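Thanks for asking me to look this one over with you. Here are some notes to read with the model open beside you.

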Amino acid sequence: MHCTRDTTRMIRITCAECPSSGADRGPVVLCIECFSTGVEDVPGAPGHRKNHAYMVSDCLSFSILDSEWSADEELLLLDGIEMFGMGNWKDIAEHVGSKTDKKCETHYMVNYLKLPAMPESPEKPSSGRAAATPAATPTADDDKEKMGSALAGYMPLRGDFDVEHDNDAEVILADMEFADDDHPTERELKLKVIAIYNAKLDERERRKKFVVEHQLLDYKKYQQNERRRPKDERELVMQLRPFARFHSKDEHDALVEGLVAAMRLRKQIALLQEYRRHGVRTLAEAELYEQDKKKREVEQALQKSRE
């Protein structure tokens, strides 16, 4: 080692071509400052050159609780739990980057909560036959997690969004304090501010409950279903959206489907009346009429384009 600095807890550079700088000193290890200046005069390693291949040893590459987990990964695990909440192991594993969600969960349970590790698969009985286990019944929490997985920023196990409605509502209370010498008017004003804040929290909770109960978390699926409707039906559904706040999901769906069915009936009645005006009496005649109608529309479109 060139310098006398202790690099155990520092990022250090190890020469990959000089095996040892002495029998009792180990490989050539330089601190960042010595490496950046291109030091070559290393005691016990006269052949060391600044253009040798090297390895970077991170200061957090050592293990603390588990030999398979570095200190850096431990920090990422704890940061992920703080960010996404206990139980959101998929998001936590993505934050760690190098471990699966199952490994993150097992490592935290065993090393931090001191719980026994869960077996990955049930043991087979001695008779050689597979034990019959009842199928797991999906719960409301499972459905909630599936819905939340399709919406970025929603944490289903916590029931929170990364960005809530009126996300800065807490700012008005950040510096508020109650003192014994507060004037009654000042105290009343502070209580009014707290009442306003509570009203904002109620509105936030109401909106969150509305989104979850109406299954709007999986917004992509909702959009796909809406795209399947004709344009006039989509417009009708959009006009009815403001009324969803007054109904439950089932009630609003029944209202929408009822009005859509009425619209379809009116369109069908208008089509039958058109057939009657043009003397169409049978289904075969109706098919011929529709074919001729499409031809006329195509010809009219061509004439307009030529003009």
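The points below go through one helix, its aromatic neighbours and a few single residues.

1. A word on the source before we start: this is a predicted model, so please read each value below as computed from that prediction.

2. Helix α3 is a good place to begin. It spans residues 89–96, and W89, I92, A93 and V96 are buried there. These four cover an arc of only 100° around the axis, so they sit on the same side of α3. The spacing fits a general rule: an α-helix has 3.6 residues a turn, so residues three or four places apart point the same way.

3. Now turn to the other side of α3, where K90 and E94 are exposed. The cover over the buried residues of α3 includes α2 and α4, the latter running over 101–111. Just after α3 comes G97, which has a positive phi of about 90°.

4. Which aromatic residues are linked by ring pairs into a cluster? They are W89, Y108 and Y112. The structure holds three aromatic pairs. In one of them, the ring centres of W89 and Y108 are 6.1 Å apart with the planes at 50°, so this pair is tilted. Because W89 belongs to helix α3 and Y108 to helix α4, the pair ties together parts that are 19 residues apart in sequence.

5. Y108 also pairs with Y112: their centres are 5.2 Å apart and their planes at 20°, so this pair is stacked. As for exposure, W89 is buried at 8% relative accessibility and Y108 is buried at 13%. Y112, at 28%, counts as partly exposed.

6. E73 deserves a look too. This residue lies in helix α2, residues 71–84, and is buried, with a relative accessible area of 14%. Its side chain reaches the backbone nitrogen of S70 at 3.0 Å. Leaving aside residues up to four places away in sequence, E73 touches E68, S98 and K99.

7. K99 comes up again in a contact with a ring: its charged end sits over the ring of W69, 5.2 Å from the centre. Elsewhere, K190 lies over the face of F178, at 5.4 Å from the ring centre.

8. Lastly, the cysteines. How many disulfides does the structure hold? The count is zero. C15 is buried, with a relative accessible area of 7%, and C104 is buried as well, at 0%.

How values were computed:
Residues numbered from 1 in each chain as written. Predicted model: local features only at pLDDT ≥ 70, side-chain atom pairs only at ≥ 80, totals over all residues. Heavy atoms only, no water. Helix = DSSP H or I, 4+ residues; strand = E, 2+ residues; numbered from the N terminus. Buried < 20%, exposed > 50% of the residue type's maximum accessible area, 1.4 Å probe, protein only. Polar contact = N/O pair within 3.5 Å; in protein donor to acceptor, adjacent residues only side chain to side chain. Contact = heavy atoms within 4.5 Å. Disulfide = S-S within 2.5 Å. Arc of directions from axis to C-beta. Phe/Tyr/Trp six-rings, centres within 6.5 Å; stacked < 30°, edge-to-face > 60°. Lys NZ or Arg CZ within 6 Å of the ring centre and 35° of its normal.
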